[in-house]
Amino acid sequence: MGKNHIHTASGGGTGPGTARTAGRRRPGVPLLALAAAGAVLLTGCGAGGGDNSSDGSKSRHNIPLPGRPTGGSAERDQQGEQSDAPDATPSADYLSTFALDVDTASYGYARRSLASGRAPDPSTVRPEEFVNSFRQDYERPEGDGFSVTVDGARTDDARWSLVRVGLATRAAETESRRPPAALTFVIDISGSMSEPGRLDLARASLDVMTDRLRDDDSVALVTFSDEAETVLPMTRIGDHRDRVHKAIDRLEPTDSTNLGAGVRTGYATAVDGLREGATNRVVLVSDALANTGDTDADSILERISSARREHGITLFGVGVGSEYGDALMERLADKGDGHTTYVSSRDDAYTVFCDQLPQNIDLTARDAKAQVAFDPETVEQFRLIGYDNRKVADDDFRDDRVDGGEVGPGHTVTALYAVRTRPGASGRLATATVRWLDPDSRSPHENSGRLLTGSLRDDVWAAPPTFQITAVAAYFADALRSGDARWSALPGGRPLDELASRTRDLARATDDKDVEALATAIGQADDLNVCDPDCVR
């Protein structure tokens with residue numbers, strides 16, 4: 001099994017990759033199932049079923065009331081453990097709670113690194129961003145909010161299964177039916193952006209996007225290097241497309257990277273050009289290699305907090321460059337009620353700025369969180385794969401003051417769990433609940449779905465193609481961060497050459513170019529001997 005084997009949590013603390021260990025609950029202590037969902041912005045362009053999962057059609061009034069286990073004494077049996085740091089106090093419950101996240105930058109940057117002949121730094125590998133980079137076939141709701149699908153399949157590793165919680169928003173409206181957009185582009189023109197595939201990509205993409213936006217959309221343009229400047233105030237596209245194009249064409253790389261000044265000026269410009277009834281967003285395009293001025297994400301965002309909280313202006317981060325400040329960009333997006341993506345080619349940029357951006361600038365949910373409740377009678381251990389920076393205290397699931405994620409139409413969010421069932425387990429395995437606020441009224445809503453042990457498929461590799469692709473993406477991320485001792489290995493992993501072969505078969509079966517690109521990236525990682533002999537069990 002190797003040095004990174006998933007281990008059982010015990011009274012002492014463990015690393016963040018530790019699985020929760022579920023001891024049996026005393027009789028009479030109820031398990032109340034909950035889960036919340038997320039909201040995120042600006043990505044994606046564009047089935048549950050049976051008694052094991054929800055297709056999103058359930059009324060929120062049919063959802064079990066929230067709560068935590070009650071009763072019992074201080075000496076009651078240990079129920080579950082998970083720690084985020086070596087000295088963390090174990091959590092005595094079967095709940096897993098996190099804010100929704102549709103970032104994909106980690107996967108995009110990993111692909112860029114591997115194509116350049118180098119392995120990504122394990123600290124930049126976030127498994128949920130690998131998993132969320134691929135299309136899913138979850139049934140979609142008709143209105144705002146989420147459908148919930150829960151399914152799973154057994155691995156060949158000692159009672160371990162992979163359980164997939166899938167959340168989907170409604171399909172995106174046609175271009176003519178979406179609300180108007182007020183977009184403030186904050187463009188990095190520092191010296192490092194002169195590298196091919198950085199500012200040149202941004203210019204070309206913004207030009208095409210300008211032609212695709214509607215007449216009632218508005219665009220502002222802010223640039224930053226050692227200082228920040230508003231080169232185009234909020235301008236209605238209408239008869240001013242040429243003016244926008246000219247401002248884009250004048251973008252040239254200059255000096256150092258004062259990202260803090262750029263973000264502050266960008267938000268100030270967005271507030272000045274705020275439009276009621278429109279989707280107001282700041283779109284940051286940068287390599288995020290801040291080297292002057294304010295370089296701390298929390299400090300930068302604190303300076304523009306009123307723009308975020310009072311006006312609901314959200315942030316979309318677009319990363320570029322072979323050297324990329326992944327940690328800073330991700331922190332900015334997480335704290336700025338947004339998400340990140342990464343572009344490394346004209347095809348990537350066209351997809352982000354043209355196919356995805358104009359069609360998905362609407363919001364269907366704010367402050368979305370998810371909570372998954374595992375049944376102690378059937379579950380011995382569980383581990384959420386990824387979402388390490390998005391965890392939420394279980395008690396804060398229904399506290400709408402606690403930040404969640406913003407999600408637009410046309411999105412899916414997938415959370416994958418490694419779950420070890422008890423011997424002979426039968427019955428309910430998990431219940432997932434998503435909670436979100438209506439983007440206009442801010443009223444809360446929930447939906448829920450569940451999985452029974454009898455509905456687990458017998459083999460991950462005999463599950464539907466989208467489930468297999470999800471598993472491959474998670475196993476690939478696991479291999480890329482195998483050199484980081486904080487993470488224990490996932491059960492049922494496969495050598496990279498086998499993963500690449502399976503993924504090529506899946507690409508042919510689905511005729512999906514994104515899956516074909518995944519197979520290529522896995523093959524490149526295998527060629528680089530990314531995974532040492534002990535990293536696959």
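At 44% relative accessibility, Ala158 counts as partly exposed. I begin with this residue, in what is a predicted model, on account of its backbone. Ala158 has a positive phi of about 35 degrees, although the residue is not a glycine. Its place is the loop between strand E3, residues 147-154, and strand E4.

A second alanine may be set beside it. Ala288 also has a positive phi, near 60 degrees, and is likewise not a glycine. This residue belongs to the loop between E8 and helix H6, residues 297-303. Is Ala288 buried or exposed? Ala288 is buried, with a relative accessible area of 5%.

From the loop before E4 I pass to the strand itself and its partner. Strand E4, residues 160-168, is joined to strand E14 by 9 bridges, and the two run antiparallel. In this pairing, Ala168 stands opposite Thr412 of E14. E14 has another antiparallel neighbour, strand E12, residues 379-384, to which 5 bridges join it. Here Arg383 is the residue opposite Ala418 in E14.

How many of the residues of E14 are buried? The strand spans residues 412-421, and 10 of its 10 residues are buried. In a regular strand, side chains alternate between the two faces of the sheet. In E14, both faces are covered. On one side the buried residues are Thr412, Thr414, Leu416, Ala418 and Arg420. On the other they are Val413, Ala415, Tyr417, Val419 and Thr421.

A further antiparallel pair is formed by strand E15, residues 428-437, and strand E16, residues 444-452, with 9 bridges between them. Trp436 faces His445 of E16 across this pair. The hairpin of E15 and E16 has 6 residues between the strands, and in that hairpin Arg442 takes a positive phi near 65 degrees.

I turn now to the nonpolar interior. In soluble globular proteins, nonpolar side chains tend to be buried together. The largest nonpolar core of this model has 38 residues. Which of them touch the most other members? They are Phe130, Leu162, Phe476, Leu480, Leu496 and Ile522. The elements that each contribute two or more residues are helices H1 (105-115), H2 (127-131), H10 (465-480), H11 (496-510) and H12 (513-527). H10 gives the most, with 11 residues.

Phe476 may serve as an example. Apart from neighbours within four places in sequence, Phe476 is in contact with Leu114, Phe130, Leu496, Leu499, Leu518, Ala521, Ile522 and Ala525.

Helix H11 also holds Arg502, a residue that is partly exposed, with a relative accessible area of 26%. Setting aside residues within four places in sequence, Arg502 is in contact with Trp461 and Arg494. Its C-alpha is 9.1 Å from that of Ile469, the two residues being 33 apart in sequence.

Another helix to consider is H9, residues 346-356. Its buried residues are Ala349, Val352, Phe353, Cys354 and Gln356. What do the buried residues of H9 pack against? Their partners are strand E5 (181-188), helix H3 (199-212), E8, E9 and strand E10 (339-342).

E9, residues 314-319, leads to the next residue: Gly321 lies in the loop between this strand and helix H8, residues 326-335. At 0% relative accessibility, Gly321 counts as buried. Not counting residues up to four places away in sequence, Gly321 touches Tyr109, Arg112, Glu195, Gly197, Arg198 and Tyr342. Gly321 and Ser113 are 208 residues apart in sequence, yet their C-alpha atoms are 10.0 Å apart in space.

I close with a pocket. The second largest pocket has a volume of about 450 Å³. Its lining comprises 22 residues, and Ala278, Thr279, Arg366, Pro439 and Asp440 lie nearest its centre. Strand E8 (279-286) and helix H7 (305-311) are the elements that give two or more residues to this lining. What is the make-up of the lining by class? There are 5 nonpolar, 6 polar and 11 charged residues.

How values were computed:
Residues are numbered from 1 along each chain as its sequence is written. This is a predicted model: local features need pLDDT of at least 70, side-chain atom pairs count only at pLDDT 80 or more; totals for chains, interfaces and linings use all residues. Side-chain values use heavy atoms; hydrogens and water are left out. On a 1 Å grid over the protein atoms alone, a cavity is a set of points where a 1.4 Å probe fits but cannot get out, and a pocket is an open set with protein on both sides within 12 Å along at least five of seven lines; lining residues have an atom within 4 Å of a point. Grid points are joined across faces, edges and corners, and a volume is the space filled by probe spheres set on the points. Helices (H or I, at least four residues) and strands (E, at least two) are DSSP runs, numbered from the N terminus. Ala, Val, Leu, Ile, Met, Phe, Trp, Tyr, Cys and Pro count as nonpolar, Asp, Glu, Lys and Arg as charged, and the others, Gly among them, as polar. A nonpolar core is a set of buried Ala, Val, Leu, Ile, Met, Phe, Trp, Tyr and Cys residues joined through side-chain atoms within 4.5 Å. Buried means under 20% relative accessible area, exposed over 50%, partly exposed in between (1.4 Å probe, protein chains only). Contact means heavy atoms within 4.5 Å. Two strands pair if DSSP finds at least two bridges between them.
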